[in-house]
Amino acid sequence: MVEDIAALMNGVPWEHTITTQDPPEHSRLRRLVQVAFTPKHVAGRESMIREIVNRRIDGFPRGEPFNLVSAFGQPIPLEVITRIVGAPVEDAPQLRSWTDTFFRLIGSGGTLDAEELHALYGEMRDMM
């Protein structure tokens, strides 16, 4: 079963992603992407970012402990990036999950057992 899923994944053009490229191709792709994240571009989105930050702060639990990273530090950049790339905000958690899965596969895929690979390939298949 893992072999079938791995074969399916082998059809995905991983070699064309920014994360798998070496210079000069990585540098070229990075320049294309980083335009959306220059200080000038981000400053132009200040009102959107403030709205996201204020909404998150307003949602903090009152009088009880909470995890600042999961309540504030992770969701804000995720929502900002989701909006910048034009994806629906409600898809942000799924996009984060797929990104985590992708990086787990390319970062440690060679050290994972068959069960872990099967689960990760299944998540990636759902992405397609």
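This is a short dialogue on reading cores, a helix and a surface patch in a predicted model.

Me: What are the ground rules for this model?
Reply: The model is predicted, so local features need pLDDT of at least 70, side-chain atom pairs count only at pLDDT 80 or more, and totals for chains, interfaces and linings use all residues. Residues are numbered from 1 along each chain as its sequence is written, and side-chain values use heavy atoms, without hydrogens and water.

Me: Which residues make up the largest nonpolar core?
Reply: In soluble globular proteins, nonpolar side chains tend to be buried together. A nonpolar core joins buried Ala, Val, Leu, Ile, Met, Phe, Trp, Tyr and Cys through side-chain atoms within 4.5 Å. Buried means under 20% relative accessible area, exposed over 50%, partly exposed in between (1.4 Å probe, protein chains only). Here the largest core has 7 residues: Phe102, Leu105, Leu112, Leu117, Leu120, Tyr121 and Met124.

Me: Which elements give two or more residues to this core?
Reply: Helices are DSSP runs (H or I, at least four residues), numbered from the N terminus. The elements are α7 (92-108) and α8 (114-127). The largest share, 4 residues, comes from α8. Another core, of 6 residues, lies apart and includes Ala36, Ile52, Ile76 and Val80.

Me: Which residues of helix α6 are buried?
Reply: In α6 (residues 75-85), they are Pro75, Ile76, Leu78, Glu79, Val80, Thr82 and Ile84. Just after α6, Gly86 has a positive phi of about 85 degrees.

Me: Is Leu32 buried or exposed?
Reply: Leu32, in helix α2, is exposed, because its relative accessible area is 58%.
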